[in-house]
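Student: Please take a close look at one part of this model, the open sheet and what packs on it. Start with the surroundings of the ligand, then go on to the sheet.

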Amino acid sequence: MCKRCQERPVYKLNNGRQFCSKCFTHYYERKVFKTIKQYKLIQKGDKIAVAASGGKDSTTLLYLLKNLCKDGRFCSIEAVAIDEGIHAYRDKTLKDLKAFCNKEKIKLHIFSYKKEFGFSLDEALKLVREKGIKLTSCNICGVLRRYLINKKSRELGFAKVATGHNLDDEAQTILMNQFKGNVSLSAKLGPRSGVSEESVFAQRIKPLYFCTEKENMIYSFIHKMIPGFVECPNQQSYRFAIRDFLNKFEAQNPGVKQAIVQGFLEVLPLLKERFGPGAGGKKLSKGGKEINVLRSCTKCGEPASNEVCKACEILGVLNAAKNKP
Ligand code: SF4
Ligand SMILES: [Zn+2]
Ligand SMILES: [Zn+2]
């Protein structure tokens with residue numbers, strides 16, 4: 001029973017404390033707003049693009065930020081979604097997203113791979129299979145989606161992009177980067193992106209950073225946000241395997257995901273110093289002091305760690321394969 005209200009519990013913390021739906025809502029929202037405050041994710045007057053997909057995490061984020069914004073009196077939000085063109089998946093989640101934004105009166109912008117790049121993800125994957133290209137679905141999808149969200153949000157005049165990444169996502173990515181020997185990629189993680197405040201690129205913020213997938217699920221369920229549940233048919237087996245392993249390990253050792261992320265945050269400043277934005281890029285003098293900046297891709301001008309950004313690299317491979325007889 002919920003100790004405070006003597007109501008039926010919907011959630012139990014690792015220390016055994018149980019919450020009814022009302023107390024869970026209070027606990028969850030406090031956690032999100034504490035993260036926003038502690039990491040200075042949102043300031044008064046911010047214009048924020050919420051990277052939305054129609055899934056539970058980003059829909060929950062839209063719902064919370066809309067309330068935080070107080071009808072534009074504190075900050076303002078709009079939703080930016082990408083239609084990758086994944087049959088029987090994205091069409092369904094976008095339908096839910098449109099209905100939600102309509103109901104909550106949130107402006108929604110949708111950009112598609114087909115229109116922006118000339119092919120849908122399904123078509124790109126067909127090409128990958130036919131030509132034996134060594135690119136995975138999530139590799140193509142993740143890079144191109146991030147690219148479009150960043151580019152379009154900036155073009156629309158948003159200084160910040162909020163994403164629905166949760167504690168499970170972060171713990172999985174930390175382990176994946178570690179297991180694959182790509183620890184330098186982890187310098188981009190954390191509740192806010194490594195892009196400096198002086199940068200012209202939109203800053204990424206993750207207000208749900210300390211909320212678990214289960215907590216997001218319960219919150220979205222209590223507040224009746226997700227009509228249906230559908231999974232992407234292209235899920236990457238590597239992340240899947242890490243997710244399953246972590247879930248099993250968490251069940252046997254409660255608190256392990258939290259420990260991975262908290263331990264990671266201890267070393268993140270060192271990782272940023274060593275591999276962060278601009279660590280290998282050019283330096284500019286601003287206000288009399290030297291600051292590091294990200295490079296701009298020589299092809300498209302978007303942020304890049306090398307001369308050409310990852311999106312242009314992937315588009316180059318796909319377009320070359322498409323034009324080859
Ligand atoms: S699981 Fe992979 S392919 Fe599917 S939407 Fe996510 S990143 Fe894209
Ligand atoms: Zn209660
Ligand atoms: Zn580029």
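**Ligand shell, sheet and helices**

Tutor: Ligand 1 is surrounded by Ser137, Cys138, Cys141, Gly142, Cys232, Asn234, Gln235 and Gln236. By class, this shell around ligand 1 holds three nonpolar and five polar residues, and no charged ones. The model is predicted, and its local features are given only where pLDDT is at least 70.

Now the sheet. Five strands form an open sheet in the order 5-4-3-6-7, and the pairing is parallel. At its edges are strand 5 (108-112) and strand 7 (203-205), each of which pairs on one side only. On average, neighbouring strands of the sheet are turned by 30° against each other, direction ignored.

In general, the strands of a sheet pair through backbone hydrogen bonds, in either a parallel or an antiparallel way. Here, strand 3 (residues 47-51) pairs with strand 4 (residues 76-83) in the parallel sense, over five bridges. One of the residues to look at is Ile48, whose bridge partner in strand 4 is Ile77. Strand 3 is mostly covered, with four of its five residues buried.

Two helices can be placed against these strands. Helix 2 (residues 56-69) packs on the sheet and touches strand 3, strand 4 and strand 6 (160-162). The direction of helix 2 makes about 160° with that of strand 3. Helix 3 (residues 90-104) lies across strand 4 and strand 5, and runs at about 160° to strand 4.

A further contact is between two helices. Two packed helices are described by the angle between their axes and by the distance between the axes. Helix 7 (residues 167-179) and helix 9 (residues 237-252) pack at an angle of about 115°, and their axes are 10 Å apart. The crossing of these two helices is right-handed. Helix 7 contributes Ala171, Gln172, Leu175 and Met176 to the contact, while helix 9 contributes Tyr238, Arg239, Ile242, Arg243 and Leu246. By class, the contact of helix 7 with helix 9 consists of six nonpolar residues, one polar residue and two charged residues.

Terms used
Residues are numbered from 1 along each chain as its sequence is written. Chains are lettered from A and ligands numbered from 1 in the order in which they are written. This is a predicted model: local features need pLDDT of at least 70, side-chain atom pairs count only at pLDDT 80 or more; totals for chains, interfaces and linings use all residues. Axes are lines fitted to C-alpha atoms, for helices over the stretch in contact, and angles run from 0 to 180 degrees between N-to-C directions. A crossing is left-handed if the near helix is turned anticlockwise from the far one by less than a right angle, and right-handed if clockwise. Two residues are in contact if their C-beta atoms, placed from the backbone, lie within 7 Å. Ala, Val, Leu, Ile, Met, Phe, Trp, Tyr, Cys and Pro count as nonpolar, Asp, Glu, Lys and Arg as charged, and the others, Gly among them, as polar. Two strands pair if DSSP finds at least two bridges between them. A residue is near a molecule or strand if its C-beta atom, placed from the backbone, lies within 6 Å of it. A residue is buried if 20 or more other C-beta atoms lie within 10 Å of its own, exposed if 12 or fewer, and partly exposed in between; C-beta atoms are placed from the backbone.
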